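Biologist: I have not looked at this one before, so could you walk me through it slowly? Let me bring it up first.

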Amino acid sequence: DVSVGVPILDPNYGYVFGVLMLYRIGNKPGRRPNQNWKEISKKDAIVNLIQQGGKAAYWSMHLQEALESWGKLRAASEDKETRLELTVSQPGKTHDASGHEEGDKTIVERFSHFFWKYIKKFRGQKATPPGPHTWQFSLWSFLGTYIGVFIITSINNRIREIDYRDHYIFILINSMGAVAGMLFSAPTSPLVQPRNVVGGHLIASVTALAMDYLGPSHLDLLDQWIIAPMAPAIAIFIMSKLGLIHPPACACAVIYMMGLPEIKNVGWLYVVCPTLFDCFLLITAAVLINNLSKDRSYPLYW
């Protein structure tokens, strides 16, 4: 007979919260399921109905849990002979759990409340840490990371023979090791999709070169050790605002800000080569290698 299992997804995190099972009730003699039930189930109206049913089931489960929690709270209140008071907040005023306005507290009391709440966060959220991956997953991660970085080091070994200004051309920067590791160990992470890798490095490298003009080598407005941390900080701010977060790109900014003379020698070429050129090589390797595995798929989106 025909039955349908509808996954109930958490609207905030996307994980499966439960499964809503739909069964046929009753089995009348002589009646069979429609032979075109597969095609019918793909219609927009049916799909929308199933999705709405999943959402309704999700919220009904939450409401049921909330009702149980409310019942326990009410029972505890009756046992302790406590009285629940409804407090009406006035604009600009907040209340604590006892109903008193926070404005009535002294500065010491408010700081003490904040401090101990802050310290309690150090204990963690009691979440379950992820377990080890399979041998197959680990080997694919090893193979992809090695090949990706090997391509860069091989080209870098040859291209260093090309003179440019006072030094030479190079394409190997340390941050690409972290990029390769993330591309092949967490290919489904939003942080390592192509737009994040390219966009994050573009923002970080341009920010680093712009901030470098404030240092001793140009305008000499600030010391190098002051503007060096400003570059990754500004870069991650822009990345966050544009939805292009890619943490290893911050290392790209620091490498230039605190770089050796041969790194500063390339100037604005640093944005194209090595930064964006390395991103192109690693993304190409990630697409070709990750998709060889039946359990991997990269990218999620471009």
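Modeller: Before we talk about loops, a word on naming: helices and strands are DSSP runs, with at least four residues for a helix and at least two for a strand, and they are numbered from the N terminus. Please also keep in mind that this is a predicted model.

Biologist: Okay, and which loop holds Asp220?

Modeller: Asp220 sits in the loop between H6 and H7. Its phi is positive, about 55 degrees, although Asp220 is not a glycine, and with a relative accessible area of 48% the residue is partly exposed.

Biologist: Stepping back, how many helices and strands are there in the protein?

Modeller: The protein has ten helices and four strands, and read from the N terminus the order is β-β-α-α-α-α-β-β-α-α-α-α-α-α. Of the 302 residues, 28% are buried.

Biologist: What about contacts between residues that are at least 6 apart in sequence?

Modeller: Among those contacts, 62% join residues at least 24 apart.

Biologist: Switching to the surface, how much area does the protein expose, and what share comes from carbon and sulfur?

Modeller: About 21000 Å² is exposed, and carbon and sulfur atoms supply 63% of that area. One feature there is a nonpolar patch of about 770 Å², made by Leu202, Val206, Tyr213, Leu219, Leu221, Leu222, Met230, Ile234 and Trp268.

Biologist: Which helices each supply at least two residues of that patch?

Modeller: They are helix H6, residues 194-212, and helix H7, residues 224-242. Trp268, another member of the patch, is found in the loop between helix H9 (261-265) and helix H10 (269-290), and Trp268 is partly exposed at a relative accessible area of 43%.

Biologist: How many salt bridges does the structure hold?

Modeller: The structure holds one salt bridge, in which the side chains of Asp212 and Lys264 meet at 3.3 Å, N to O. Because Asp212 lies in helix H6 and Lys264 in helix H9, the pair ties together parts that are 52 residues apart in sequence.

Biologist: Why can side chains like that pair up at all?

Modeller: In general, side chains of opposite charge can pair when their charged atoms come close.

Biologist: And is Asp212 buried or exposed?

Modeller: Asp212 is buried, with a relative accessible area of 3%, whereas its partner Lys264 is partly exposed at 24%.

Biologist: New topic, how many disulfides are there?

Modeller: The count of disulfides is zero. For Cys250, the nearest cysteine sulfur is that of Cys252, which is 9.4 Å away, and Cys250 is in no disulfide. Cys250 counts as buried, at 16% relative accessibility, and Cys273 is buried too, with a relative accessible area of 15%.

Biologist: What can you tell me about helix H3, say its length?

Modeller: Helix H3 covers residues 107-120, so 14 residues, and from its first C-alpha to its last it reaches 20 Å, close to the 20 Å expected at 1.5 Å a residue.

Biologist: How many of the residues of H3 are buried?

Modeller: The number is zero out of 14, so H3 lies largely in the open. The cut-off behind that is under 20% relative accessible area for a buried residue.

Biologist: Last one, which residues does the cis peptide bond join?

Modeller: The cis bond joins Tyr298 and Pro299, with omega at about 0 degrees, and Pro299 is placed in the segment after H10.

Notes:
Residues are numbered from 1 along each chain as its sequence is written. This is a predicted model: local features need pLDDT of at least 70, side-chain atom pairs count only at pLDDT 80 or more; totals for chains, interfaces and linings use all residues. Side-chain values use heavy atoms; hydrogens and water are left out. Patches are made of residues with over 30% relative accessible area and no salt bridge: like charges are joined within 9 Å, nonpolar side chains (Val, Leu, Ile, Met, Phe, Trp, Tyr) within 5 Å. Accessible areas come from the Shrake-Rupley method with a 1.4 Å probe; for residues, only the protein chains shown count as cover. A salt bridge is a side-chain nitrogen of Lys or Arg within 4 Å of a carboxyl oxygen of Asp or Glu. Buried means under 20% relative accessible area, exposed over 50%, partly exposed in between (1.4 Å probe, protein chains only). A disulfide is a pair of cysteine sulfur atoms within 2.5 Å. Contact means heavy atoms within 4.5 Å.
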